[in-house]
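The following note is intended for a colleague who has not yet examined this entry. Its points are numbered so that each may be checked against the structure shown below.

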Amino acid sequence: MSSGNPCLTCGACCAFFRVSFYWGEIHSDFLVPESLTEPVSPAKMAMQGTNQTQPRCIALEGEVGGCVSCSIYPNRPSPCREFEAFDTDGACNRARAAHGLPPLEVQPIAA
Ligand code: SF4
Ligand code: SF4
């Protein structure tokens with residue numbers, strides 16, 4: 001199981017970035033639960049907990065670096081859907097480093 005999805009034992013990005021998105025995602029096919037969001041501008045919402053000095057999304061379950069999950073995974077907003085492990089701009093590893101986790105270096109095998 002150790003060669004599986006690294007996100008299942010990480011969660012660092014959910015406790016590092018502000019997760020903001022167009023407010024319409026609450027009413028789109030995503031149906032992001034409004035009760036877990038807060039407005040950050042006239043057109044944008046953010047996941048509660050991510051717009052603070054030490055971010056941690058309200059929907060993140062478990063401890064970063066341990067066994068984690070997203071309590072609204074089927075309804076997560078677009079930034080979460082687009083964010084990737086093994087990304088090319090290093091955002092994933094920046095989040096991991098901030099939580100003392102080693103960088104992901106092995107590229108996944110293409111499907
Ligand atoms: S920081 Fe990277 S490895 Fe960790 S949960 Fe986010 S995308 Fe996955
Ligand atoms: S909604 Fe889920 S995937 Fe997105 S930041 Fe929160 S816990 Fe992470």
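1. In this predicted model, ligand 2 is surrounded by Cys-14, Val-19, Cys-57, Ala-59, Leu-60, Cys-70, Ile-72, Pro-77 and Cys-80. Cysteine appears in this list at Cys-14, Cys-57, Cys-70 and Cys-80. The other members of the shell are Val-19, Ala-59, Leu-60, Ile-72 and Pro-77.

2. How many residues of each class make up the shell around ligand 2? Nine are nonpolar, while no polar and no charged residues are found there. This classification counts Cys as nonpolar, together with Ala, Val, Leu, Ile and Pro, which is why the cysteines fall in that class. As for its location, ligand 2 takes up the space of the largest pocket.

3. The chain contains two helices and five strands. Read from the N terminus, the order of the elements is β-β-β-β-β-α-α, with the strands preceding the helices.

4. Strand S3, residues 44-47, pairs with two other strands. Strand S1, residues 20-22, runs antiparallel to S3 and is joined to it by three bridges. Strand S2, residues 37-41, is likewise antiparallel to S3, with four bridges between them. S2 and S3 together form a hairpin, and two residues lie between these strands.

5. Lys-44 deserves a separate remark, since it occurs in both pairings. On the S1 side, Lys-44 is the bridge partner of Tyr-22. On the S2 side, Ser-41 stands opposite Lys-44. As a general point, the side chains of a regular strand alternate between the two faces of the sheet.

6. Is Ile-26 buried or exposed? Ile-26 has a relative accessibility of 8% and therefore counts as buried, because the cut-off for burial is under 20%. Ile-26 belongs to the loop between S1 and S2. Its C-alpha atom is separated by 8.9 Å from that of Met-45, although the two positions lie 19 residues apart in chain numbering, counted as their distance apart.

7. On overall dimensions, the C-alpha trace of the chain spans about 40 × 35 × 25 Å along its principal axes. The radius of gyration is 14 Å, which agrees with the value near 13 Å that a compact globule of 111 residues would have. Of these 111 residues, 32% count as buried.

Note on methods: Residues numbered from 1 in each chain as written. Chains lettered and ligands numbered in written order. Predicted model: local features only at pLDDT ≥ 70, side-chain atom pairs only at ≥ 80, totals over all residues. Heavy atoms only, no water. Near = heavy atom within 4 Å. 1 Å grid on protein atoms, 1.4 Å probe; cavity = no way out; pocket = protein on both sides within 12 Å on 5 of 7 lines; lining within 4 Å. Sits in = over half its atoms within 2 Å of the grid points. Pairing = 2+ DSSP bridges. Rg over C-alpha atoms; globule rule 2.2 N^0.38 Å. Buried < 20%, exposed > 50% of the residue type's maximum accessible area, 1.4 Å probe, protein only.
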